[in-house]
Amino acid sequence: MKVKSITINEIGGIKDLTIDFNDHMNFICGPNGVGKTTVLECVAHSFSVHRTNLLKRNVLASSGSFQSTIEIDGSDRTSNVIIQDFAPEKESLVNGLYQYSKNLLSLKVTRTFQYQQLAAVSKDKEKKDHQLHQETKSGVDISEVKNWFVNRYLYSAHEGTLTEQQQHNLELAKTCFSLLNSEFSFSRVMASSNEIMVNTPSGEIYYEYLSSGFKSCLSILFGIIKDVEFRFKNPCINADDFDGIVLVDELELHLHPKWQSKIAKILTQVFPLVQFITATHSPHIIQNANPTEIIALANDQGSVYRRTIDSGAYGFKGWTIEEVLTDVMGMSDTRTDIYREKLAEFESAITEDNFQLAEEAYNNLDILLHPDNHLRKLLRLELASIKEVG
C-alpha cells in the first residue's frame, strides 16, 4: 500500500496544496508553521474514522478538506475527508479508508523513554479495529516495546513457542542495536529482572541508559517491528516484508548530525518495502536524500506551496550544509546578526577609505570567523588596499 498523492484545501494554514509522494522515502521540509505536521496528520487521518480535534479548518474558511489517492493491491482508492470545526474543544467527524488502518504506522515526536520495570512479562496486546483507527491519530505506543522484546527473547529459548516470523523479527530487532554504531550490540535479557542489556564501549548497560538519540532511533525501529507483529497475526509476516506506510514527525529528533545523515539509509535498509513520509528540519538529512525524495514547502503571503528545486542527478549530495539551508530549506541567511553588522561596518569603512574604522571592524571579524575561513584573506587584502591609499 502506498499514498500516491494528497490534495489539502483550507486545513490549518494550508489553503490549497497538492503533493505527489515518492514510493519509498519522502522528506517534508520548510520553515516552522508552513504545515509539515499538518500534511502528516492529513495522511494519517485518511485512514481513520470517528472524530478528531487534531485537524482544524482554516480560520477564514467555512470548511476544509483533503483527498488522498492510495494504491492498494495495484488499484487506486480515494479517501475524502471534510473538516468542519475550528474551535479547539470541537471535533470533526472523519470517515477515511479505516479498513486499511493496520497498514499505516504513525510515530509522533515523543520517542525517547525512561526506565521501565517489568514485574512480569505479559502477553501481546490485542490490536482491535477501533484501536488501529485510533492509532492513526495518536501514534504507535512505544511503551509496549520493552515487554514485546523481552517476551520474544525469553520464549525464543523454547523450541516451537515462536512462529518462524516472530523468531525472524527478534533477530532483526537485535541487529538494530548495532546499526547506528557498530561498537554497540545487544547483550542479553536478564531472566531475574527482565532487563534488556546492551554492550557498549564503556561496558554493559541497561538499554534505558542509552543516549536520547539512540533511544529515539530504537523507538522507530522497534516500534515498527513490534506493531507489525501485533497487527499481522493471521498470517504472521516478517517485519522487513511490511509494505505499508510509516509516518515520522521530526525524524532528526535527538540525533547528532552524524546520525541524522544516515538515519534514512538505516530505515530503508531494515524496511525496504515501506513508504516513509517524514517531516524534518535537518539539512543533514536533506543533504543525503535522493533527488525525488524532497518535498520543500514554502509560504508566500499566506499561501503554502511546494517549491520547485533543481537538484540534479545526485540530489544535494555535493552541496554544503549552508547551500542546503538557503536554497532548499528557505533560510535567507545563515550568518548571525552580529556578523552581518560587523561586515557592514567593514564594507562601509572600505568605501569611505577610513583605514582606522576598517581595521577595527576587521579585528572583530577576525575573531568571529572560523579559523580556516577563506574570507579572512580577502578582507585583509581589502584592508591593505586602503592603507596603501592613505
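Which residues in α3 meet which residues in α5? In the predicted model examined here, Val145, Trp148, Phe149 and Arg152 in α3 meet Phe222, Gly223, Ile225, Lys226, Glu229 and Phe230 in α5. By class, this contact of α3 with α5 comprises six nonpolar, one polar and three charged residues. The two helices pack with their axes 10 Å apart and at an angle of about 70°; α3 and α5 are therefore roughly perpendicular to each other. The crossing in which α3 passes α5 is left-handed.

The overall architecture provides the setting for this contact. The protein chain contains 12 helices and 15 strands, and its C-alpha atoms fill a box of roughly 90 × 60 × 40 Å along the principal axes. Of its 390 residues, 49% count as buried. Among contacts between residues at least 6 apart in sequence, 69% join residues at least 24 apart.

Helix α5 recurs in several of the packing arrangements described here. It spans residues 212–231, a run of 20 residues, and extends 27 Å from its first C-alpha to its last, close to the 28 Å expected at 1.5 Å a residue. The helix is mostly covered, with 19 of its 20 residues buried. Besides its contact with α3, helix α5 packs against α7 (residues 263–270) at an angle of about 20°, the axes being 11 Å apart. Since angles under 35 degrees count as roughly parallel, α5 is roughly parallel to α7. In this case α5 passes α7 in a right-handed crossing. The residues involved are Cys217, Ile220 and Leu221 in α5, which meet Ile263, Ile266, Leu267 and Val270 in α7. Their division by class is seven nonpolar, no polar and no charged.

Helix α3 (residues 145–155) also packs against α4 (residues 164–179), at an angle of about 120° and with the axes 10 Å apart. The helices α3 and α4 are therefore oblique to each other. A left-handed crossing is found where α3 passes α4. On the α3 side, Trp148, Phe149, Arg152 and Tyr153 take part, and they meet Gln166, Asn169, Leu170, Ala173, Lys174 and Phe177 in α4. This contact of α3 with α4 has six nonpolar, two polar and two charged residues. Trp148, Phe149 and Arg152 of α3 thus appear in the contact with α4 and in the contact with α5.

Helix α5 further contributes to the surroundings of α2 (residues 129–138). In α2, Leu132, His133, Glu135, Thr136 and Lys137 are buried. The elements covering the buried residues of α2 include α1 (36–45), β4, β8 (104–107) and α5. Glycine 139 follows α2 and has a positive phi, near 95°.

Strand β4, one of the elements covering α2, spans residues 49–52 and holds histidine 50. The phi of histidine 50 is near 80°, a positive value in a residue other than glycine. At 48% relative accessibility, histidine 50 counts as partly exposed. A positive phi, of about 55°, is also found at aspartate 353, again not a glycine. Aspartate 353 is placed in the loop between α10 (337–351) and α11 (355–368), and its relative accessible area of 45% makes this residue partly exposed.

A further backbone feature occurs in the loop between α5 and β12 (245–248), where proline 235 is found. The peptide bond that leads from asparagine 234 to proline 235 is cis, with omega near 5°.

Glutamate 204 illustrates the contacts of a strand residue. This residue belongs to strand β11 (residues 203–206) and, with a relative accessible area of 34%, is partly exposed. Leaving aside residues up to four places away in sequence, glutamate 204 touches Ser187, Arg188, Met197, Val198 and Asn199. Of these partners, serine 187 lies 17 residues from glutamate 204 along the chain, and the C-alpha atoms of the two are separated by 7.6 Å.

Note on methods: Residues numbered from 1 in each chain as written. Predicted model: local features only at pLDDT ≥ 70, side-chain atom pairs only at ≥ 80, totals over all residues. Heavy atoms only, no water. Helix = DSSP H or I, 4+ residues; strand = E, 2+ residues; numbered from the N terminus. Expected span 1.5 Å × (residues − 1). Buried < 20%, exposed > 50% of the residue type's maximum accessible area, 1.4 Å probe, protein only. Axes fitted to C-alpha atoms, helices over the stretch in contact; angles between N-to-C directions. Parallel < 35°, antiparallel > 145°, perpendicular 65-115°, else oblique. Left-handed = near helix turned anticlockwise from the far one by under 90°. Contact = heavy atoms within 4.5 Å. Nonpolar A, V, L, I, M, F, W, Y, C, P; charged D, E, K, R; others polar.
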